[in-house]
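Here are a few exercises to work through with the model open in your viewer. Try each task before you read its solution.

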Amino acid sequence: MSLYEMRQSYRLGSLLEKDADADPMVQFHTWLGQAIEGDLPEWVEANAMTLSTCDPNGNVSSRVVLLKGLDDGKFWFYTNYDSAKGQQMEANANVSLCFLWQHVQRQVRIEGHVEKASRERSISYFHKRPRDSQLGAIVSQQSSVVASRESLEKQLDTLKTQYADGEIPCPENWGGYCVTPTTIEFWQGRESRLHDRLRYRREGSQWVIQRLSP
Ligand SMILES: Cc1cc2nc3c(=O)[nH]c(=O)nc-3n(C[C@H](O)[C@H](O)[C@H](O)COP(=O)(O)O)c2cc1C
């Protein structure tokens, strides 16, 4: 393997000012739609996004989560409130999201602030998940050290018996977050590394669009 010889040509599209919607959420919908259309391999998860959070000392960490909603001009996802990321977001609401859609040679970067979803919304989404995922959320004290894989599986088995039927309660420490964007940048790979980058920046009630150098 020689990393320095690995490179792709980007020729699949362009993003020109005349084609970009004035509203970045509309533009995002369009690009997300294009990222999931067609005959894609099953492993493509176009709603996967890298969430970066930062603690009060400036230590940054990133991980992938799944986008589960786009309403109200916000990006919604679900997780464990006591997890490492949950603790960071509690202390510092500034976050970034990054989508990579390699099959269309696109990236979208979002910066903004995060808030918890209402308990009603979290419970409603929790019950839409498969039962096994609901039980997994109860078992997982996300980000904490565990003794072994076996101990997790044992707890899951116990819960499966306990909740053989009937509603599984949504844990208090599990729920949604939404990110209100302040900047959204759309990146389309182009030839000769002259990529298109359009950045939308919130100014009052307006979105200002600027082209950035690749
Ligand atoms: C494709 C993919 C999707 C994921 N989706 C979620 C998600 O929606 N919510 C979540 O809490 N973790 C999700 N994870 C796991 C996180 O990346 C991470 O391991 C976990 O949330 C713990 O992160 P933390 O310790 O920084 O809090 C996903 C991981 C991958 C690879």
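Two residues are in contact when heavy atoms lie within 4.5 Å. Keep in mind that you're looking at a predicted model.

**Exercise 1.** Work out which elements cover the buried residues of α4.

*Solution.* Start with the helix itself: α4 spans residues 131–139, and its buried residues are Gln 134, Leu 135, Ala 137 and Val 139. Next, look at what sits against them: the cover includes α3 (119–126), α5 (149–162) and β6.

**Exercise 2.** Describe the shell around the ligand, then find polar contacts to the ligand.

*Solution.* Step one is the list of neighbours: Glu 45, Arg 63, Val 64, Val 65, Leu 66, Tyr 78, Thr 79, Ser 83, Ala 84, Lys 85, Gln 142 and Ser 143 surround the ligand. Sorted by type, the shell has 5 nonpolar, 4 polar and 3 charged residues.

Step two is to map the shell onto elements. β2 (60–66), β3 (75–80) and α2 (84–91) each bring at least two residues, and β2 gives the most, with 4.

Step three is polar pairs, with a cut-off of 3.5 Å between N or O atoms. A backbone N or O atom of Tyr 78 is 3.0 Å from a ligand nitrogen. A polar side-chain atom of Thr 79 lies 2.6 Å from a ligand oxygen, and Ser 143 also places a polar side-chain atom 2.6 Å from an oxygen of the ligand. As for area, the ligand on its own exposes 620 Å², of which the protein buries 62%.

**Exercise 3.** Which residues have the most contacts inside the largest nonpolar core, and which element gives the most to this core?

*Solution.* This core has 32 residues, and the best-connected ones are Phe 28, Phe 75, Phe 77, Phe 99, Trp 101 and Val 108. Elements giving two or more residues include α1 (24–36), β1 (48–54), β4 (94–101) and β5 (106–116). The top contributor is α1, with 5 residues.

Now zoom in on Phe 99: leaving out residues up to four places away in sequence, its contacts include Phe 28, Met 49, Leu 67, Phe 75, Val 108 and Ile 110. There's also a second, separate core of 11 residues, with Leu 135, Ala 137, Val 139 and Trp 174 among them.

**Exercise 4.** Is Asp 72 buried or exposed, and where does it lie?

*Solution.* Asp 72 lies in the loop between β2 and β3. Asp 72 counts as exposed because its relative accessibility is 64%, and the cut-off is over 50%. Its phi is positive, near 65°. Most residues other than glycine have a negative phi. Ser 143, in the loop between α4 and α5, also has a positive phi, about 85°.

How values were computed
Residues are numbered from 1 along each chain as its sequence is written. This is a predicted model: local features need pLDDT of at least 70, side-chain atom pairs count only at pLDDT 80 or more; totals for chains, interfaces and linings use all residues. Side-chain values use heavy atoms; hydrogens and water are left out. A residue is near a molecule or strand if one of its heavy atoms lies within 4 Å of it. A polar contact is a pair of N or O atoms within 3.5 Å; within protein, one must be able to donate a hydrogen and the other to accept it, and residues adjacent in sequence count only if both atoms are side-chain atoms. Accessible areas come from the Shrake-Rupley method with a 1.4 Å probe; for residues, only the protein chains shown count as cover. Ala, Val, Leu, Ile, Met, Phe, Trp, Tyr, Cys and Pro count as nonpolar, Asp, Glu, Lys and Arg as charged, and the others, Gly among them, as polar. A nonpolar core is a set of buried Ala, Val, Leu, Ile, Met, Phe, Trp, Tyr and Cys residues joined through side-chain atoms within 4.5 Å. Buried means under 20% relative accessible area, exposed over 50%, partly exposed in between (1.4 Å probe, protein chains only).
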